[in-house]
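Colleague: Hello! I am new to this structure and would be glad of a guided look. Could you show it to me first?

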Amino acid sequence: MTNVDNVNNKSGHNTGPDLLCINKGWMGRHMVKLDVVDSTNLYVKNYEEKLQTGTVVIAKAQTAGRGRLSRGWSSPNGEGIWMSYILRPDIEPSACGGLTLVTALALTKVLKRLSGLNLQIKWPNDIVCNGKKLAGILTELSLKDMKTDYVVVGIGVNVSTTKFPDDISRMATSLKLEGAVCEDIDLIVKEFCEEFEKCYEAYMATGDMKLLKEEYQQLLVNIGREVCILKDDKEFIAEAIGINDEGELLVKKESEITTIRAGEVSVRGIYGYV
Ligand code: ADP
């Protein structure tokens, strides 16, 4: 069934015997199912050496779910898809950030198809529905001798939450709150693995977003909108016009086009989150 049994139970991680195979391809071929974990990304990083490429770690609850820039991710028990997976792409470290966009594309396509909702991508790493955040993605890169060693991609999808913590209640939503026709976590994960595999292979064929750019842009909520780019204490307002092959956001201000790299920036709408 799987090759990730016998993982030592470090830092209270409950590996359990609940190991599944959900995809015939390499992505999700091995899966670790946990009841509760601090963070699925941290779990993958802890056990990296024992996990085959494409192994998916999924938990019913995270006690310390994480977003970008050390932000938290609310992950209540049984109410969402809290999962991470490990990749070992043979690409430059600078190209690994694009895997966030690849994940966003695959996840949006699958969630749209299964939920029947009108979903869009907020560059680079969020999936939005009616202007609210339904899902987020956190990609972390590990280097060895300045080269890509492995990449952990974490996904959080709000599935059945109906009440969010006060600080995010105005900007967060769930499949249930939006009236999705499907809230089946196992099915969503299975279809995501299959879709991700295809998108990943398209990305790896060129090492960039060339083959996926068109489709990603069609789903991009920011296109044609004024966005506010926040970096450290500075703000910069411009119109988003698309992405380039590297997955950077292209913004236009007074006919000058600038590229914005994900990582240290946050993008907001000028009137709110989107
Ligand atoms: P950003 O929107 O800047 O890209 P992140 O991707 O780092 O932010 O996500 C972390 C942020 O998402 C948190 O600071 C919080 O505002 C919000 N958040 C935390 N948990 C959830 C959740 N379950 N659903 C939606 N938004 C959340």
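Modeller: Happily! Let us begin with Leu 69, which is in the loop between strand 3 (56–62) and strand 4 (80–87). Please keep in mind that this is a predicted model.

Colleague: Thanks! What is the phi of Leu 69?

Modeller: Leu 69 belongs to the loop between strand 3 and strand 4. Leu 69 is not a glycine, yet the sign of its phi is positive. The value is about 50°.

Colleague: Which peptide bond is cis?

Modeller: For this one, look at the loop between strand 5 (119–122) and strand 6 (126–129), where Pro 124 is found. The bond in question has an omega near -5°. It is the peptide bond from Trp 123 to Pro 124.

Colleague: Let us turn to the ligand. Where does the ligand sit?

Modeller: There are 15 residues around the ligand, and Arg 68, Arg 71, Ser 74, Asn 125 and Asn 158 come nearest. By kind, the shell is made up of four nonpolar, six polar and five charged residues. As for the place itself, the ligand sits in the largest pocket.

Colleague: How much of the ligand's accessible area does the protein cover?

Modeller: Some polar contacts come first. The side chain of Asn 158 has an N or O atom 2.8 Å from a nitrogen atom of the ligand. A polar side-chain atom of Ser 266 is 3.3 Å from a ligand oxygen atom, and for Arg 268 a polar side-chain atom is also 3.3 Å from an oxygen atom of the ligand. On its own the ligand has 570 Å² of accessible area, and the share covered by the protein is 91%.

Colleague: Now the salt bridges. How many residues apart are Lys 45 and Glu 140?

Modeller: The whole structure has 16 salt bridges, and one of them joins the side chains of Lys 45 and Glu 140, with 2.9 Å from N to O. Lys 45 is in helix 1 (residues 40–46), while Glu 140 is in strand 7 (residues 132–144). The pair thus links distant parts of the chain, and the separation is 95 residues.

Methods. Residues are numbered from 1 along each chain as its sequence is written. This is a predicted model: local features need pLDDT of at least 70, side-chain atom pairs count only at pLDDT 80 or more; totals for chains, interfaces and linings use all residues. Side-chain values use heavy atoms; hydrogens and water are left out. A residue is near a molecule or strand if one of its heavy atoms lies within 4 Å of it. A polar contact is a pair of N or O atoms within 3.5 Å; within protein, one must be able to donate a hydrogen and the other to accept it, and residues adjacent in sequence count only if both atoms are side-chain atoms. Accessible areas come from the Shrake-Rupley method with a 1.4 Å probe; for residues, only the protein chains shown count as cover. On a 1 Å grid over the protein atoms alone, a cavity is a set of points where a 1.4 Å probe fits but cannot get out, and a pocket is an open set with protein on both sides within 12 Å along at least five of seven lines; lining residues have an atom within 4 Å of a point. A molecule sits in a cavity or pocket if more than half of its atoms lie within 2 Å of its grid points. Ala, Val, Leu, Ile, Met, Phe, Trp, Tyr, Cys and Pro count as nonpolar, Asp, Glu, Lys and Arg as charged, and the others, Gly among them, as polar. A salt bridge is a side-chain nitrogen of Lys or Arg within 4 Å of a carboxyl oxygen of Asp or Glu. Helices (H or I, at least four residues) and strands (E, at least two) are DSSP runs, numbered from the N terminus.
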